[in-house]
Amino acid sequence: YIGLSDLGRFTISMQASESTWLISRSIALVQYSSISNSNDIQHSRKTTIKYSKITFIVSIIIMSILIIIPTRLYEFILGKDFTGIPQIMIFLFPGIVILSVAQILSPYFSGTGKIHINTIGSVIGLVVTIVTSLILIPSYGLIGAAISNTLSYIVITIIYLLFFLSISKSRINDFFSLKQELNEAKIIINKITTLLRKKFAK
């Protein structure tokens with residue numbers, strides 16, 4: 001349904017968007033080590049909720065920055081064939097951000113011996129991707145592919161979240177108090193900004 005040129009544009013859009021996950025994946029590694037070596041259920045629960053909120057906030061900020069970068073800059077770096085990258089990323093935005101939360105919930109299941117939940121979420125997500133791709137891509141092309149991915153990511157995260165709430169006896173409201181996490185997210189963004197400035201200053 002899409003040519004090689006469009007496939008290249010979509011691939012670049014995905015790779016740029018997925019760079020957002022560097023933070024959540026890094027946190028997930030630390031989190032898994034902490035949970036798997038601890039018998040404190042409450043600590044695991046609170047840590048997972050805290051990191052989920054931080055990664056959610058940071059992902060929104062990073063994706064927003066990537067989207068507001070002018071198309072011309074992407075074309076200058078990648079070539080004129082790679083036009084419309086930010087437009088594709090707009091439709092990837094919700095999925096990329098919400099899946100960052102799933103990437104924090106996943107180590108909770110792995111660390112507490114419930115790795116089968118990750119498999120359930122991945123399989124259902126794959127089915128959603130296949131079905132929605134067949135429906136959306138023929139009519140909407142690259143935008144349809146982006147929406148398909150986003151729907152899959154949302155479904156996976158909802159599944160993980162429902163399992164987490166059930167197993168940990170948490171409340172959905174626990175994920176909506178963001179005051180402390182906003183401050184910690186600011187610290188992370190400031191550190192990233194400082195590192196980038198040092199790198200480009202060389």
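**View 1. E181, a buried residue in helix α7.** E181 is buried, with just 6% relative accessible area. In this predicted model, you'll find E181 in helix α7. Now look from E181 across to I117: the two sit 64 residues apart in sequence, and their C-alpha atoms are 26 Å apart in space.

**View 2. G125, a buried residue in helix α6.** Here we move to G125, which belongs to helix α6. With a relative accessibility of 1%, G125 counts as buried, because anything under 20% goes by that name. Pick out L178 as a second landmark: it is 53 residues from G125 along the chain, and 28 Å lie between the two C-alpha atoms.

**View 3. A nonpolar patch on the surface.** Seven names to look for here: V123, L126, V127, I130, V131, L134 and I135 make up a nonpolar surface patch of about 650 Å². Take V131 as a starting point. V131 is part of helix α6, which covers residues 116–168. Its relative accessibility is 43%, so V131 counts as partly exposed; that label fits because the value falls between the 20% limit for buried and the 50% limit for exposed.

**View 4. The second largest pocket and its lining.** This pocket, the second largest, has a volume of about 280 Å³. Who lines it? Residues from several places along the chain do, including S52, K53 and F56, then I98 and V101, then T157, I158 and L161, and finally I172, F175, F176 and L178. Three helices each give at least two residues to this lining: α3 (41–68), α5 (85–111) and α6. As for the chemistry, the lining of the second largest pocket has nine nonpolar residues, two polar ones and one charged one. L178, the landmark from View 2, turns up again here as one of the lining residues.

**View 5. K169, in the loop after helix α6.** Zoom in on the loop between α6 and α7 (179–201), and you'll come across K169. What is the phi of K169 near? The value is near 60°, which is positive, and K169 is a residue other than glycine. Is K169 buried or exposed? K169 counts as exposed, at 70% relative accessibility.

**View 6. R45, R171 and D174, a small network of salt bridges.** How many salt bridges does the structure hold? It holds two, and this close-up is the place to see them: R45, R171 and D174 are linked in a network.

Start with D174 and R45, whose closest N and O atoms are 3.5 Å apart in a salt bridge. D174 sits in the loop between α6 and α7 while R45 sits in helix α3, so this pair ties together parts of the chain that are 129 residues apart in sequence. D174 is buried, with a relative accessible area of 17%. R45 counts as buried too, at 14% relative accessibility.

Next, turn to R171, whose side chain meets that of D174 in a salt bridge, again with 3.5 Å from N to O. R171 is exposed, with a relative accessible area of 56%. D174, then, is the residue to centre on here: it pairs with R45 and with R171.

Notes. Residues are numbered from 1 along each chain as its sequence is written. This is a predicted model: local features need pLDDT of at least 70, side-chain atom pairs count only at pLDDT 80 or more; totals for chains, interfaces and linings use all residues. Side-chain values use heavy atoms; hydrogens and water are left out. Patches are made of residues with over 30% relative accessible area and no salt bridge: like charges are joined within 9 Å, nonpolar side chains (Val, Leu, Ile, Met, Phe, Trp, Tyr) within 5 Å. Accessible areas come from the Shrake-Rupley method with a 1.4 Å probe; for residues, only the protein chains shown count as cover. A salt bridge is a side-chain nitrogen of Lys or Arg within 4 Å of a carboxyl oxygen of Asp or Glu. Helices (H or I, at least four residues) and strands (E, at least two) are DSSP runs, numbered from the N terminus. Buried means under 20% relative accessible area, exposed over 50%, partly exposed in between (1.4 Å probe, protein chains only). On a 1 Å grid over the protein atoms alone, a cavity is a set of points where a 1.4 Å probe fits but cannot get out, and a pocket is an open set with protein on both sides within 12 Å along at least five of seven lines; lining residues have an atom within 4 Å of a point. Grid points are joined across faces, edges and corners, and a volume is the space filled by probe spheres set on the points. Ala, Val, Leu, Ile, Met, Phe, Trp, Tyr, Cys and Pro count as nonpolar, Asp, Glu, Lys and Arg as charged, and the others, Gly among them, as polar.
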